[in-house]
Amino acid sequence: MFCYIGSVYLQDCAVEPLIPIFLIVAGAVLVLTGCCSTSQADEQDRAKRRVNVAGILFNIFNLAWFIFGSVIVFRVFLPEFEDRNSSKYCNKTVYVFSFAHLIIEYVFIALGIIYIIMWSFCRSLVRKSDV
């Protein structure tokens with residue numbers, strides 16, 4: 001979906017031409033990361049290590065690309081959606097999809113942080129009750 005929207009509307013965001021490219025690269029990295037994490041590398045330890053290193057590298061790149069996407073999408077908050085001749089124009093599908101994707105990622109990051117905090121808190125309570 002990311003690659004499709006980014007490639008179809010590649011020339012439709014004058015205010016920030018990198019937004020469709022952000023979508024294309026994010027989609028490609030998502031697919032490659034999925035391929036690395038589901039690889040059939042159970043037979044050889046060396047193959048496992050290579051897949052794990054590739055997965056880690058993809059995740060690091062994904063984090064950097066997420067930060068980059070946040071910068072380019074949020075700095076042009078609410079561009080012009082109607083006037084295609086405006087220098088502040090961006091296709092609504094491209095912008096809203098990118099914006100929603102980033103907001104959903106932020107929500108999942110926040111939920112992950114809350115989960116870790118709650119898990120740590122519960123773990124400390126269990127340790128105190130064992131003493």
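How many salt bridges does the structure hold? The structure, which is a predicted model, holds one salt bridge, and the path to that pair of side chains leads through the overall plan of the chain, its core and its loops.

The chain has four helices and zero strands, so that, read from the N terminus on, its elements run α-α-α-α. Helix α1 covers residues 2-8, helix α2 covers residues 18-37 and helix α3 covers residues 45-74, while helix α4 takes in residues 92-130. Of the 131 residues in the chain, 27% are buried, and the chain exposes about 9,200 Å², of which carbon and sulfur atoms supply 67%. When contacts between residues at least 6 apart in sequence are considered, 62% of them join residues at least 24 apart.

The interior can be approached through the nonpolar core. In soluble globular proteins, nonpolar side chains tend to be buried together. Here the largest nonpolar core has 16 residues, and those with the most contacts inside it are I19, F22, L23, V73 and Y95. The elements α1, α2, α3 and α4 each give two or more residues to this core. V73 can serve as an example of how such a residue is surrounded, for, once residues up to four places away in sequence are set aside, V73 touches I19, Y95, S98, F99 and L102.

From the core we can turn to the covalent link in the chain. The structure holds one disulfide, formed by C13 and C90, whose sulfur atoms are 2.1 Å apart. The torsion about the S-S bond of C13 and C90 is about -105°, and the disulfide is therefore left-handed. This pair links distant parts of the chain, since C13 lies in the loop between α1 and α2 whereas C90 lies in the loop between α3 and α4, 77 residues away in sequence. Both C13 and C90 are buried. Two other cysteines can be set beside this pair: C3 is partly exposed, with a relative accessible area of 31%, and C122 is also partly exposed, with a relative accessible area of 42%.

The loops that hold the two cysteines of the disulfide also hold the two partners of the salt bridge, with E16 in the loop between α1 and α2 and R75 in the loop between α3 and α4. The side chains of R75 and E16 meet at 2.5 Å, N to O. Because R75 and E16 lie in these two loops, the pair ties together parts that are 59 residues apart in sequence. The surroundings of the two partners can be told apart by their accessibility, for R75 counts as exposed at 55% relative accessibility, while E16, with a relative accessible area of 8%, is buried, because buried means under 20% relative accessible area. Leaving aside neighbours within four places in sequence, E16 is in contact with I72 and V76 as well as with R75.

The loop between α3 and α4 also contains L78, a residue with a positive phi of about 55° although L78 is not a glycine. At 56% relative accessibility, L78 counts as exposed.

On the surface, I103, I104, V107, F108, L111, I114 and M118 form a nonpolar patch, and together these residues have about 680 Å² of accessible area. Two members of the patch, taken one at a time, help to place it on the chain. I103 is in helix α4 and is partly exposed, with a relative accessible area of 36%. M118 is likewise found in helix α4 and counts as partly exposed at 48% relative accessibility.

Two distances between C-alpha atoms may help the reader to relate parts of the sequence to one another in space. I103 and S70 are 33 residues apart in sequence, and their C-alpha atoms are 9.1 Å apart. G34, which is found in helix α2 and counts as partly exposed at 27% relative accessibility, is 24 residues from F58 in sequence and 9.6 Å from F58 in space, C-alpha to C-alpha.

How values were computed:
Residues numbered from 1 in each chain as written. Predicted model: local features only at pLDDT ≥ 70, side-chain atom pairs only at ≥ 80, totals over all residues. Heavy atoms only, no water. Patch = residues over 30% accessible without salt bridge, like charges linked within 9 Å, V, L, I, M, F, W, Y side chains within 5 Å. Areas by Shrake-Rupley, 256 points an atom, 1.4 Å probe, with all protein chains shown as cover. Salt bridge = Lys/Arg side-chain N within 4 Å of Asp/Glu carboxyl O. Buried < 20%, exposed > 50% of the residue type's maximum accessible area, 1.4 Å probe, protein only. Disulfide = S-S within 2.5 Å. Contact = heavy atoms within 4.5 Å. Core = buried A, V, L, I, M, F, W, Y, C linked by side-chain atoms within 4.5 Å.
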